[in-house]
Amino acid sequence: MISHGQGGIMALFLSTTINKIDKKGRVSVPAPFRSTLQAQEFSGVVLFRSLNHSILEGCSYDRMLQLSQHYDSLSFERGEQNDYQSLIFAEAQLLSFDAEGRISIPQNLLDHAGIVDQIAFVGRGTTFELWNPDKFQAHHETLRQKLQQHRQGVGND
């Protein structure tokens with residue numbers, strides 16, 4: 001789950017796991033994700049609300065550092081990229097692991113994603129997403145069908 005990139009160790013998140021979430025918003029982070037995250041500078045996760053879907057986006061603290069350095073190296077542009085950076089860093093939540101490898105997700109984040117009693121951890125390479133499992137399944141199947149149609153030359157979506 002860890003690869004060596006140009007800047008040293010880079011987190012890589014793969015697969016999909018569904019875990020239960022308790023009434024206090026605590027959830028066990030899947031073991032492969034947790035071991036990857038614990039190898040980073042900060043032993044925990046960074047979560048923020050997605051702009052693309054009613055989900056949460058997650059990554060390691062090290063990934064946020066990389067993003068910050070990338071944005072700092074750009075000229076002072078006004079526009080969508082600057083707005084995106086402002087929004088992400090303002091909303092990002094640093095969540096530490098407890099002794100059992102769980103994180104406590106704030107209620108406002110759970111509400112945004114429509115997460116109640118189960119949560120799907122979905123790997124996306126250097127980042128991951130947290131979904132309501134039913135919404136993820138529907139989205140995933142729609143995406144699979146769309147891509148299959150595109151490959152067959154049937155759809156132009």
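**Reading salt bridges, pocket and core**

R26 forms a salt bridge with D22, and their closest N and O atoms lie 2.7 Å apart. Keep in mind that this is a predicted model.

Me: How should I read a salt bridge, and how many does the whole structure have?
Reply: Look for a side-chain nitrogen of Lys or Arg within 4 Å of a carboxyl oxygen of Asp or Glu. A search of the whole structure turns up five salt bridges.

Me: Back to that opening pair: are R26 and D22 buried, exposed or partly exposed?
Reply: Buried means under 20% relative accessible area and exposed means over 50%, with partly exposed in between. R26 has 25%, so it is partly exposed. D22 has 26%, so that one is partly exposed too.

Me: Which residues are linked in a network of salt bridges?
Reply: That would be D98, E100 and R102. Within it, E100 pairs with R102, the closest N and O atoms being 3.1 Å apart. E100 counts as exposed because its relative accessibility is 52%, while R102, at 22%, counts as partly exposed.

Me: What about E129 and R124?
Reply: Their side chains meet in a salt bridge, 3.4 Å from N to O. Here E129 counts as buried at 10% relative accessibility, whereas R124 is exposed at 53%.

Me: Now the pocket. What volume does the largest pocket have, and which residues are closest to its centre?
Reply: Think of a pocket as an open space with protein around it, lined by residues that have an atom within 4 Å of one of its points. The largest pocket here has a volume of about 270 Å³. It is lined by 15 residues, and the closest to its centre are H53, R124, E129, W131 and H139. Strand 10 (128–131) and helix 5 (133–151) are the elements that give two or more residues to this lining. Helix 5 gives the most, with four. By type, the lining splits into six nonpolar, six polar and three charged residues.

Me: And which residues of the largest nonpolar core touch the most other members?
Reply: A core like this is made of buried nonpolar residues joined through side-chain atoms within 4.5 Å. Of its 22 residues, V45, L47, I103, I105, F121, F128 and L130 touch the most other members. Helix 4 gives the most to this core, with three residues. Take L47: leaving aside neighbours within four places in sequence, its contacts include L56, I103, I105, L109, F128 and L130.

Me: Where is S15, and what is its phi?
Reply: S15 sits in the loop between strand 2 (8–11) and strand 3 (16–20). Its phi is near 80°, a positive value in a residue other than glycine. At 53% relative accessibility, S15 counts as exposed.

Notes
Residues numbered from 1 in each chain as written. Predicted model: local features only at pLDDT ≥ 70, side-chain atom pairs only at ≥ 80, totals over all residues. Heavy atoms only, no water. 1 Å grid on protein atoms, 1.4 Å probe; cavity = no way out; pocket = protein on both sides within 12 Å on 5 of 7 lines; lining within 4 Å. Points joined across faces, edges and corners; volume = space filled by probe spheres on them. Nonpolar A, V, L, I, M, F, W, Y, C, P; charged D, E, K, R; others polar. Buried < 20%, exposed > 50% of the residue type's maximum accessible area, 1.4 Å probe, protein only. Contact = heavy atoms within 4.5 Å.
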